[in-house]
Amino acid sequence: MAKSEPSLQTPEEISAKLYRYDHIADKIAGYANWNEGHLANYAQNGYAAVEAILNEEEIHTAIEALNDLIFKDHKGAQIQFTKPRSELQSDEEIENAIRKLNDFVHVDERLRGIAEHPSILTMVQDILGETPRLVQNMALLKPPHGGGEKPWHQDMAYGNLAYEKAVVGVWIALDEAALDNGCMHVIPGSHADGATPHYAIRDWQLCDAHVQVEKDVAVPLMPGGLLLFHGLLKHGTPYNLSTKKRRALQFHYVGESAAKLTPKEYKRFFTNEMSGAEC
Ligand SMILES: O=C(O)CCC(=O)C(=O)O
């Protein structure tokens, strides 16, 4: 029975012990280079990083659209604050206290345009082998000076993404996502482990003691670059302990024929209900 390490406390300790920074993912140099070989690598590794999918204007438009939702009118999109809204005065304080915006594609056509970007949809369709359906849209902000960790997890362990067929995640860097501001980290091939129990620890996450940190590959990306990844790939992002913002968009797509897991299947696959294995 694995026990989570009680000594993992500070952001610095977590960043040092649960992530490594010396294995860097290979990247595909733009959509024009996407080919069958990359699909085979995706099937094996569970991810593919592609540079320069959004151009400067698209990145600028996406950031402007997010700022409009934050500072002008959220238009019904959800915004998750890490501090009570009443304590936040300046624009900087407001932005630094936002971790997530959800469900904006129906209220902002600029962001919908990115979720429906032809290059992105084609790559996702190639992976799924059928027409993609967008099932989740969010922006993930990791502010400077301590923007929070997203511990290691599988996206399909979150009920809204628990489908009987693999979902594809698309994580798009709007700022440079680097080793020091919380870029994505993945365990190559870990989607082949299948569904793995998650635990409510710092988040809904894999047990820290079960993560094969020695296999961690970091995926730094320039703005406009993206990571395509399998819904069972084990991945996480460390704290942003730098002075730089790290904003990203994340979309999830599923094949149009895929059905949701039943609640019973979900519990069996993604919780310790059956095994009783503790973390
Ligand atoms: O952008 C991040 O920090 C974490 C993204 C992620 O892995 C998730 O939300 O599932």
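Ala, Val, Leu, Ile, Met, Phe, Trp, Tyr, Cys and Pro are counted here as nonpolar, Asp, Glu, Lys and Arg as charged, and the others, Gly among them, as polar. By these classes, the shell around the ligand holds three nonpolar, four polar and five charged residues. The model is predicted, with local features needing pLDDT of at least 70 and side-chain atom pairs counting only at pLDDT 80 or more, while totals for chains, interfaces and linings use all residues. Residues are numbered from 1 along each chain as its sequence is written, and side-chain values use heavy atoms, with hydrogens and water left out.

The residues around the ligand (a heavy atom within 4 Å of it) include Leu-140, Asp-155, Trp-171 and Gln-250. Polar contacts (pairs of N or O atoms within 3.5 Å) link ligand oxygen atoms to three side chains: Thr-237 at 2.7 Å, His-235 at 3.0 Å and Arg-99, also at 3.0 Å. The ligand alone exposes 290 Å², of which the protein buries 96% (Shrake-Rupley method, 1.4 Å probe).

It is worth turning next to the pocket itself. On a 1 Å grid over the protein atoms alone, a pocket is an open set of points where a 1.4 Å probe fits, with protein on both sides within 12 Å along at least five of seven lines; lining residues have an atom within 4 Å of a point. The ligand sits in the largest pocket, as more than half of its atoms lie within 2 Å of the grid points. This pocket has a volume of about 380 Å³, the space filled by probe spheres set on the points. Of its 24 lining residues, Arg-99, Lys-100, Met-138, Leu-140 and Lys-150 are the closest to the centre.

Definitions and conventions: Polar contact = N/O pair within 3.5 Å; in protein donor to acceptor, adjacent residues only side chain to side chain.
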